[in-house]
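Here's a short tour of one structure. Have a look at the picture first, and then we'll go through a few of its features together.

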Amino acid sequence: MTRTSLFVAWRALGRNKLQTLLTMLGMTMGVAAVMTMIALGSGAQTAIEDQVRAAGMNLIVVKAGNYKVKTEDDFGGVVDHQADARLKPRAPLVSYDGARGFSRAYAVWNPDRPARVRLVVHPEDDPMEKHDHPTASQRLGDTEAGLGAAATLTSADAAAIRRIPGVQYVAEGIHENAHVAAGAKRWFTRLHGGDVQLPEIRRAWSFPRGRFFSEREQRSASQMMVLGSIVARKLFGDGDPIGRDVKLWNQTFRVVGVVTSTNVLTAPAVGDDQFDAVYVPFTTVHRLLNLTKLNDITITAASTGEVTRIAKQVADQLRARHRIAESAPDDFTVVTQARQALAKGGMRPEVARAVVGNVEGLEKVTLEQLAKTLERASRTMTALLASIAAVALLVGGIGIMNIMLLSVTERTREIGVRRAVGARAHDVLVQFLVEAMLLSLVGGIAGVALGFVAAGSMSQLLRWSTSISAAGVALSFGSAAAVGLFFGWYPARQAARLHPIDSLRYE
Amino acid sequence: MPIIVARDLTKTYYVGDVAVHALRGITLTIEAGEFVSVVGPSGSGKSTLMHILGCLDSPTSGHYLLNGRDVSHLSDDELSAIRNKEIGFVFQGFNLLVRTSALDNVELPLLYANRGRVPASERRRRALDALNAVGLADRATHHPNQLSGGQQQRVAIARALLNHPSILLADEPTGNLDSQTSIEVMDIFQRLKEERGITIVLITHEQQVAEYASRIIRFRDGRVVADQVDGARALAVGET
């Protein structure tokens with residue numbers, strides 16, 4: 001039955017090509033609108049998610065030592081005069097103690113006070129002065145664990161962190177500046193003693209050539225090196241550096257890979273910390289320099305919402321491991337990058353502004369709230385776009401219904417003839433329903449194609465992010481089928497209900 | 001063996017509140033292979049009779065036995081199946097599908113035969129055979145508007161014959177044709193009767209056309225008023 005009805009319907013549609021084409025066009029527009037809207041909606045969602053992820057929302061970095069650089073930390077890397085102004089009134093420049101009268105609070109070390117407040121009132125520090133280096137006031141723990149004592153993290157600490165539930169990846173890092181040389185070419189760059197899990201954490205990494213070093217190479221502290229794309233170009237030009245030798249500390253390292261950024265917008269440049277750099281296993285650095293310390297441990301949380309909890313747990317764990325007394329400050333710094341990234345430009349400024357503008361007291365915002373806000377915003381947008389698309393689809397559907405009703409009237413005699421030669425009412429119903437479905441599905445296929453083009457050109461020309469998923473295509477196509485079925489049903493039933501004699505006599 | 005047995009058929013329509021008694025008790029028997037003309041003025045109920053005989057409609061009362069089977073109160077689907085298998089229709093207005101080739105028009109009944117499972121190649125072959133039988137094999141790809149009235153009616157006859165029906169019902173088949181073409185169509189009917197033994201019921205109000213049949217039934221006001229078997233009937237072939 002199905003094949004014959006398809007055949008019959010197809011031929012019937014073929015009889016009036018222009019009408020068929022125009023009706024399909026209505027459907028095409030509707031489905032293309034749906035496709036484009038879905039692409040835009042999910043594109044926005046993906047863009048936000050990507051930015052959140054790329055911004056390291058789930059990233060926690062533990063640095064050895066405890067020194068805070070105000071310009072990079074308190075308010076997410078932005079020098080914020082207002083923020084200081086807000087803080088100042090809360091800063092007890094002078095405190096009053098009933099028994100002893102006035103005393104200068106900043107002169108005494110009071111571990112119970114929040115560090116942020118003390119920061120501002122350190123006597124060395126003029127609150128209006130901005131420094132691009134840590135001042136004495138910012139190096140809170142100087143007396144106990146300052147810069148000089150920054151060898152506080154070890155691989156054992158990293159192993160302990162690895163055991164915290166919710167931790168996804170842990171990468172141990174040690175960083176130096178170094179001269180690297182290949183033949184006559186030399187380059188002064190950043191040396192990262194990296195961890196095999198680093199590529200998992202740096203989501204924006206890609207390896208145009210070769211690979212990162214392996215677990216085994218790391219364990220055996222072998223002299224392998226991965227070049228940042230800038231270093232690769234400086235040392236080898238356009239040539240293939242894989243398998244070539246690079247000199248570092250009078251040792252020979254073999255190049256196994258080149259790393260670059262997947263993000264074309266932030267193409268690596270000279271001075272880039274990640275790509276104007278070379279990576280060797282941190283174990284190799286330890287072996288060659290006879291060290292055990294780590295400069296930092298980079299952690300990712302499996303769930304973005306758990307960053308705050310994990311950061312807290314990492315701090316507790318490390319304090320316990322380092323046997324830090326209750327009143328003593330940390331000898332390490334835990335940085336979660338969510339807030340920093342927000343203002344740093346990891347996110348589009350308008351998104352960041354929206355987030356900041358919508359949420360009171362950003363510094364108190366937990367990541368869960370942040371994610372929720374973003375999600376709500378993008379859901380609102382998707383809903384808006386979807387309703388527009390639904391209207392477009394509805395119009396297409398009404399077009400189909402209109403043409404089918406017209407067609408039933410026009411072809412009343414045909415229906416009569418078909419009934420006379422043995423078509424059952426059901427056959428007539430199926431024929432018209434299949435015609436409506438064909439209209440909507442063929443129109444739908446064209447619409448999906450058009451949607452691809454529309455979404456593609458939107459991201460090309462307007463720079464709007466779009467994302468087309470299989471589910472989006474299926475949904476667009478499915479809605480076309482549903483529209484065909486829904487709007488084709490009534491005309492088809494009308495056709496099937498016609499009495500054979502009446503339709504044969506119809507003029 | 002009678003192929004059509006009608007017993008006291010009545011049919012009453014309602015046009016608004018007014019009852020129209022189109023048939024007021026028809027009883028007749030038609031043997032297999034007969035060529036019967038039904039004549040009568042318009043409104044005499046002959047078309048209604050044809051609709052009931054053709055299973056397009058059910059009688060209000062009475063019984064209609066087709067090939068010995070009472071079909072007077074079957075369901076719509078069952079009637080459709082009978083129309084498909086047992087009955088071929090030829091209409092006054094040809095009723096061909098527009099913008100559709102003669103071949104596609106002819107194969108129409110096969111689309112609904114055997115639950116639509118007749119393969120396309122067989123449909124094509126049988127449609128061509130049927131077109132060939134009415135002498136239009138060379139017009140297979142022509143659309144109705146490219147064919148003359150006589151040719152269109154021959155295509156319609158080919159369509160009616162496609163499923164090898166036992167009865168051919170023709171409702172004023174020559175009403176839209178000139179006299180010369182009418183004779184050609186009648187010739188085809190007579191040949192079908194002679195060569196294939198098809199039972200033909202021809203409805204007309206033209207006495208001349210009616211006389212090609214071997215039996216003439218006269219209708220008036222929903223009743224049979226005369227039923228004559230005419231041995232000396234006109235021969236279409238002889239006249240041309």
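In which sense, left-handed or right-handed, does H7(A) pass H12(A)? Keep in mind that this is a predicted model. The crossing of H7(A) with H12(A) is right-handed. Helix H7 (residues 155–162) and helix H12 (residues 307–321) of chain A pack at an angle of about 140 degrees, and their axes are 10 Å apart. Angles over 145 degrees would count as roughly antiparallel, so H7(A) and H12(A) come out as oblique to each other.

Who meets whom here? From H7(A) come A:Asp157, A:Ala160 and A:Ile161, while H12(A) brings A:Val314, A:Gln317, A:Leu318 and A:Arg321. That contact splits into 4 nonpolar, 1 polar and 2 charged residues.

Next, the place where the chains touch. Chain A puts 20 residues into the contact and chain B puts in 23 residues. On the chain A side, H16(A) gives the most, with 6 residues. Here's how the two sets of residues divide:

| Set of residues | Nonpolar | Polar | Charged |
|---|---|---|---|
| Side of chain A that touches chain B | 10 residues | 2 residues | 8 residues |
| Contact of H7(A) with H12(A) | 4 residues | 1 residue | 2 residues |

Over in chain B, there's an open sheet of 6 strands with mixed pairing, in the order E6-E7-E8-E3-E9-E10. E6 (87–90) and E10 (223–229) of chain B are the edge strands, each pairing on one side only. From one strand to the next, the twist averages 15 degrees. E9(B) and E10(B) pair in the antiparallel sense over 6 bridges, and B:Arg220 has B:Arg223 in E10(B) as its bridge partner.

Conventions. Residues numbered from 1 in each chain as written. Chains lettered and ligands numbered in written order. Predicted model: local features only at pLDDT ≥ 70, side-chain atom pairs only at ≥ 80, totals over all residues. Contact = placed C-beta atoms within 7 Å. Helix = DSSP H or I, 4+ residues; strand = E, 2+ residues; numbered from the N terminus. Nonpolar A, V, L, I, M, F, W, Y, C, P; charged D, E, K, R; others polar. Axes fitted to C-alpha atoms, helices over the stretch in contact; angles between N-to-C directions. Parallel < 35°, antiparallel > 145°, perpendicular 65-115°, else oblique. Left-handed = near helix turned anticlockwise from the far one by under 90°. Pairing = 2+ DSSP bridges.
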